[in-house]
Amino acid sequence: MKVLGIEISGREVKIVALEKSDEIIKDYTGKYKPIILEDDEISENVILFRNTLFAAFDNFAPDIIAIKYRNPNGKGQQAPSPISFKIEGLIQTYNCDIKFTKPQTIAAYFKKNPIDIKPNYSYQTEALKIAYHYLKTN
């Protein structure tokens, strides 16, 4: 099973691609860098962003895309950016099974279970946890 773990952070989409076969989990993300949505008021930028994101998804060929749930009612520093909801909506239009996982669920899992794989880059840590958690619990 191939799973993409996605963390949406402001205008950035951070992806980690993991594959599980015979209970062994491998990272096949490669040298992927975050995809950034530039000025979202220009429709050409949004279309370019979507096309770039979907090309990355096509390249990874996931069975599942797991996204870290963002609380729409969050306040202050916990409030998600409005741009991130636009990005989430674009991701949901991709033809794949999309699953959401709450941050509290992920945190509780990793308090009791170690992660035996490291991200290629430190900014991929949360996306890695999302994908890893999904593969271990489903």
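Two strands are said to pair if DSSP finds at least two bridges between them. With that in hand, the predicted model can be read strand by strand, starting at the beginning of the chain. Strand β1, residues 2-9, is joined to strand β2 by 8 bridges, and the two run antiparallel. One place to look for this pairing is K2, whose bridge partner in β2 is E19. The hairpin formed by β1 and β2 has 2 residues between the strands, and here G10 takes a positive phi near 65°.

Strand β2, residues 12-21, has further partners. With strand β3 (residues 24-27), β2 pairs in the antiparallel sense over 4 bridges. E19, already met as the partner of K2, also stands opposite K26 in β3. This hairpin, too, can be found by its turn: there are 2 residues between β2 and β3, and D22 takes a positive phi near 55°. β2 also pairs with strand β4 (residues 35-36), again in the antiparallel sense, over 2 bridges. In that pairing, V13 has I35 of β4 as its bridge partner. How enclosed is β2 by the rest of the structure? Residues count as buried when their relative accessible area is under 20%. Of the 10 residues of β2, 7 are buried, so the strand is largely enclosed by the rest of the structure.

The pairing continues on to strand β5, residues 64-68. β1 and β5 pair in the parallel sense over 4 bridges, with G5 matched to its bridge partner A66 in β5. β5 in turn pairs with strand β6 (residues 97-101), in the parallel sense and over 5 bridges. Here I67 stands opposite F100 in β6. β5 is itself mostly covered, as 4 of its 5 residues are buried.

Turning to the helices, α1 (residues 43-60) and α2 (residues 82-92) pack with their axes 10 Å apart and at an angle of about 50°. That angle makes α1 oblique to α2. In passing α2, α1 makes a right-handed crossing. On the α1 side, the residues that meet α2 are V46, F49, R50, L53, F54 and F57, and on the α2 side they are I87, L90 and I91. By class, this contact of α1 with α2 holds 8 nonpolar residues, no polar ones and 1 charged.

A second pair of helices is formed by α3 (residues 103-112) and α4 (residues 125-137), whose axes come within 10 Å and cross at roughly 70°. Because angles of 65 to 115 degrees count as roughly perpendicular, α3 is described as roughly perpendicular to α4. T105, I106, Y109 and F110 in α3 meet K129, I130, Y132, H133, K136 and T137 in α4. The residues of this contact of α3 with α4 divide into 5 nonpolar, 3 polar and 2 charged.

Finally, a single residue of helix α2 deserves a look: Q92. Is Q92 buried, exposed or partly exposed? Its relative accessibility is 43%, so Q92 counts as partly exposed. Leaving aside neighbours within four places in sequence, Q92 is in contact with I98 and F100. F100 is the residue of β6 that stands opposite I67, and the contact with Q92 therefore links a residue of α2 to a strand already described. From Q92 to I47, 45 residues apart along the chain, the C-alpha atoms are separated by 15 Å.

Key:
Residues are numbered from 1 along each chain as its sequence is written. This is a predicted model: local features need pLDDT of at least 70, side-chain atom pairs count only at pLDDT 80 or more; totals for chains, interfaces and linings use all residues. Side-chain values use heavy atoms; hydrogens and water are left out. Axes are lines fitted to C-alpha atoms, for helices over the stretch in contact, and angles run from 0 to 180 degrees between N-to-C directions. Angles under 35 degrees count as roughly parallel, over 145 as roughly antiparallel, 65 to 115 as roughly perpendicular and the rest as oblique. A crossing is left-handed if the near helix is turned anticlockwise from the far one by less than a right angle, and right-handed if clockwise. Contact means heavy atoms within 4.5 Å. Ala, Val, Leu, Ile, Met, Phe, Trp, Tyr, Cys and Pro count as nonpolar, Asp, Glu, Lys and Arg as charged, and the others, Gly among them, as polar. Buried means under 20% relative accessible area, exposed over 50%, partly exposed in between (1.4 Å probe, protein chains only).
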